[in-house]
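Student: I'd like a close look at one part of this model, with enough of the surroundings to place it. Please keep it informal.

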Amino acid sequence: MGSIDLKVVFKKYGIKNTVQRQAVYNYLTDASAPITAEQIYMELTQSESDAMNLSTVYRILDLFTKKGLVLKSNLQADGKSTYEMNHMEHRHHLICVKCNSIVPIKGCPLEDYEKRLGESTNYQILEHHLEILGICPKCRK
Ligand SMILES: [Zn+2]
Ligand SMILES: [Zn+2]
């Protein structure tokens, strides 16, 4: 399922189509929050019959990032990079400092602020980053 579409997607981004790349892509598409290379690796080695090593996962993620298919960021409290599909939408995240889980926040609270700041400083505002750290309900128990 979806393999024909994936070939088209990969072609559009100039990425050679391989089974391993498809597996990483599919896993990222299904993920509801940014994930680390280790998480992808763990998941894929459990479900795929083809063994993929961690450096292969990193290489694929690097390629996807370079081609703009995937966004890489350092959201995790322990400094590990996370990856998510590049949906071209502006997003913020809630991060648990205990278990490192990441939850996307809907909407942006800074839109008006950005506009006013641009007007008052005469800056052309390009972007901003905002991550909120906390302790998730599970870890509070
Ligand atoms: Zn937590
Ligand atoms: Zn924002």
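Student: How many residues does helix 2 have, and how far does it reach from its first C-alpha to its last? Once that's clear, which residues line the second largest pocket?

Tutor: Bear in mind that this is a predicted model. Helix 2 covers residues 19-30, which makes 12 residues, and it reaches 17 Å from its first C-alpha to its last. At 1.5 Å a residue you'd expect 16 Å, and the helix comes close to that. Its buried residues are Gln-22, Ala-23, Val-24, Tyr-25 and Leu-28. For scale, 29% of the chain's 141 residues count as buried.

Now zoom out a bit. The chain has 6 helices and 5 strands, and along the sequence they go α-α-α-α-β-β-β-β-α-β-α. The C-alpha trace spans about 55 × 45 × 25 Å along its principal axes. The domain assignment gives domain 1 as 1-87 and domain 2 as 89-141, with 24 Å between their C-alpha centres.

On to the pocket. The second largest one holds about 190 Å³ of space. One stretch of its lining includes Leu-94, Ile-95, Cys-96, Cys-99, Ser-101 and Val-103. The rest of the lining is Gly-134, Ile-135, Cys-136, Pro-137 and Lys-138. Strand 3 (92-96) and helix 6 (137-140) each put at least two residues into that wall, and strand 3 gives the most, with 3. Sorted by class, the lining has 8 nonpolar residues, 2 polar ones and 1 charged one.

With Cys-96, Cys-99 and Cys-136 among the lining residues, a bench chemist may well wonder about disulfides. A search of the whole structure turns up 0 of them. Exposure is worth a look too. Cys-99 has a relative accessible area of 39%, and Cys-139 comes in at 25%. Both count as partly exposed, because that label covers values between the 20% limit for buried and the 50% limit for exposed.

So, back to your two spots. Helix 2 is a 12-residue helix with a span close to the expected one, and Tyr-25 and Leu-28 are among its buried residues. The second largest pocket has strand 3 as the top contributor to its lining, and by class 8 of its lining residues are nonpolar.

Conventions. Residues are numbered from 1 along each chain as its sequence is written. Chains are lettered from A and ligands numbered from 1 in the order in which they are written. This is a predicted model: local features need pLDDT of at least 70, side-chain atom pairs count only at pLDDT 80 or more; totals for chains, interfaces and linings use all residues. Side-chain values use heavy atoms; hydrogens and water are left out. On a 1 Å grid over the protein atoms alone, a cavity is a set of points where a 1.4 Å probe fits but cannot get out, and a pocket is an open set with protein on both sides within 12 Å along at least five of seven lines; lining residues have an atom within 4 Å of a point. Grid points are joined across faces, edges and corners, and a volume is the space filled by probe spheres set on the points. Helices (H or I, at least four residues) and strands (E, at least two) are DSSP runs, numbered from the N terminus. Ala, Val, Leu, Ile, Met, Phe, Trp, Tyr, Cys and Pro count as nonpolar, Asp, Glu, Lys and Arg as charged, and the others, Gly among them, as polar. The expected span of a helix is 1.5 Å times one less than its number of residues. Buried means under 20% relative accessible area, exposed over 50%, partly exposed in between (1.4 Å probe, protein chains only). A disulfide is a pair of cysteine sulfur atoms within 2.5 Å. Domain bounds come from an automatic or database domain assignment.
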